[in-house]
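The following note is offered in response to a request for comments on the structure shown here. The points are arranged by topic and may be read separately.

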There are 2 protein chains.
Amino acid sequence: MKITRKTVAKSAVLEIFGKSKTALSHTEIQSQMNNVCDRVTIYRILDRLVNDDIIHKIVNLDGTVKYAKCNHAHRVHIHNHAHFSCENCHEITCLENVKPSYIIPHNYKVNDINFTLSGLCPNCLNSNN
Amino acid sequence: MKITRKTVAKSAVLEIFGKSKTALSHTEIQSQMNNVCDRVTIYRILDRLVNDDIIHKIVNLDGTVKYAKCNHAHRVHIHNHAHFSCENCHEITCLENVKPSYIIPHNYKVNDINFTLSGLCPNCLNSNN
DNA sequence: TTTGTAACGCAACTATGTTGCGTTACTATT
DNA sequence: AATAGTAACGCAACATAGTTGCGTTACAAA
């Protein structure tokens, strides 16, 4: 495992994640960066942060890719929690405590699971649109 | 709901789905089509078939999009079954009978769920690589 | 046979992500 | 504080997936 350096661009990305309660796409991050760095650099920073288990990657039902901070409150760090994708505001939030239970045929070996729910988030449900 | 016509290209796509046990990407379909039609046409056919509930769209963990026939054996037609994505052969199969159970905070309204498992499929598990 | 329009081909465009390469700037070591 | 190895960077170019506009074709109902 290589050493990852602290750079201006990386710190900027981390600060943006720190402020955000929801998952962010590359484009959303870029627009909050005020041209601190090139868009390629953002891709590379995101890759590194995923590798270092600082953020995790989420692929939405519509194929859009977002990233969210990892919650390290638990001793054992897993990403197998559920994600909620709002059809109205398109925000994606981690539902850290929602974990599905399921039964799978024995001849499959499961390494990773992805569980995404879509519908209306509390915000959009209240403003009933 | 508009009428959808029967065309040469659409029939060709349906035949390919008929033969395939696993989900297919746009590219995979195109390569099996022997230039029957333009690639844009394939996109439009896939859109129509999804709309007509003949196939359903699956977004994999890695962001790749595939399509699979719908199973209409059940009276009530739902797509909320699980999908299995093999990390070795990259095939995606529908696990029609695997349905997750879960508890979600009451302030969310769930309209759709996506449950994808990844790991090794029976084929690749046997040939142990 | 006629006719309305769904479906098509083609070209052009957009969005998203990747790669190669020369340069910059972190950080461990002297 | 100076040195040096290399992670990280900018830039250009490329790759892939999907979309849009528009004039033309061909399906199916009348």
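**Comments on the predicted model**

1. *Largest pocket: lining.* In this predicted model, the largest pocket has 23 lining residues, and those nearest its centre are A:Leu61, B:Lys57, B:Asp112, B:Ile113 and B:Asn114. Two or more lining residues come from each of β3 (82-86) of chain A, β1 (55-59) of chain B and β5 (109-120) of chain B. The greatest contribution is that of β5(B), which supplies five residues.

2. *Largest pocket: volume and character.* The volume of the largest pocket is about 490 Å³. By class, its lining comprises eleven polar, seven nonpolar and five charged residues. For a computational treatment of this site, the residues nearest the centre should be read with their chain letters, since A:Leu61 is listed there together with B:Lys57, B:Asp112, B:Ile113 and B:Asn114.

3. *Enclosed space.* How many cavities of 30 Å³ or more are there? The count is one cavity, and the largest cavity holds about 30 Å³ of space. Chain A lines this cavity with A:Val59, A:Asn60, A:Leu61, A:Asn114 and A:Thr116, while chain B lines it with B:Val59, B:Asn60 and B:Asn114. The lining of the largest cavity divides into five polar and three nonpolar residues, with no charged residue. A:Leu61 appears in this lining and is also named among the residues nearest the centre of the largest pocket; B:Asn114 is likewise named for the cavity and for the pocket.

4. *Relation of the two chains.* Chain A is superposed on chain B by a rotation of 180 degrees with a shift of 0.0 Å along the axis, at an RMSD of 0.1 Å. That is the relation of a two-fold axis. Within chain A, the residue that comes closest to the rotation axis is A:Phe115, whose C-alpha lies at 2.3 Å.

5. *The β1–β2 hairpin of chain A.* Strand β1 (residues 55-59) of chain A has four of its five residues buried, and is thus mostly covered. Strand β1(A) pairs with β2 (residues 65-69) of chain A in the antiparallel sense, over five bridges. Within this pairing, A:Ile55 is placed opposite A:Lys69 of β2(A). Five residues lie between the two strands of the hairpin, and A:Gly63 adopts a positive phi near 95 degrees.

6. *Positive phi outside glycine.* Most residues other than glycine have a negative phi. Two asparagines of chain A depart from this pattern. A:Asn34 has a positive phi of about 50 degrees although it is not a glycine, and A:Asn35 has a positive phi near 55 degrees. A:Asn34 belongs to the loop between α2 (26-31) and α3 (39-51) of chain A, and A:Asn35 is likewise found in the loop between α2 and α3. Are these residues buried or exposed? A:Asn34 is exposed, at a relative accessible area of 68%, and A:Asn35 is exposed as well, at 73% relative accessibility.

7. *Cysteines.* Over all chains, a search of the whole structure finds zero disulfides. A disulfide is a covalent bond between the sulfur atoms of two cysteines. Why does A:Cys86 form no such bond? The closest cysteine sulfur to that of A:Cys86 belongs to A:Cys89 and is 3.7 Å away, which is too far for a bond; the cut-off applied is 2.5 Å. A:Cys86 is buried, with a relative accessible area of 1%. In chain B, B:Cys37 also counts as buried, at 18% relative accessibility, the limit being under 20%.

8. *Contacts between sequence-distant residues.* B:His83 is located in strand β3 (residues 82-86) of chain B and is buried, at 3% relative accessible area. The C-alpha atoms of B:His83 and B:Asn114 are 8.4 Å apart, with their positions 31 residues apart in sequence numbering. In chain A, A:Leu125 lies in helix α4 (residues 122-126) and counts as partly exposed, at 31% relative accessibility. A:Leu125 and A:Asn88 are 37 residues apart along the chain, and their C-alpha atoms are separated by 9.2 Å.

Terms used. Residues are numbered from 1 along each chain as its sequence is written. Chains are lettered from A and ligands numbered from 1 in the order in which they are written. This is a predicted model: local features need pLDDT of at least 70, side-chain atom pairs count only at pLDDT 80 or more; totals for chains, interfaces and linings use all residues. Side-chain values use heavy atoms; hydrogens and water are left out. Buried means under 20% relative accessible area, exposed over 50%, partly exposed in between (1.4 Å probe, protein chains only). On a 1 Å grid over the protein atoms alone, a cavity is a set of points where a 1.4 Å probe fits but cannot get out, and a pocket is an open set with protein on both sides within 12 Å along at least five of seven lines; lining residues have an atom within 4 Å of a point. Grid points are joined across faces, edges and corners, and a volume is the space filled by probe spheres set on the points. Ala, Val, Leu, Ile, Met, Phe, Trp, Tyr, Cys and Pro count as nonpolar, Asp, Glu, Lys and Arg as charged, and the others, Gly among them, as polar. Two strands pair if DSSP finds at least two bridges between them. Copies are superposed by least squares on the C-alpha atoms of residues with pLDDT of at least 70 in both.
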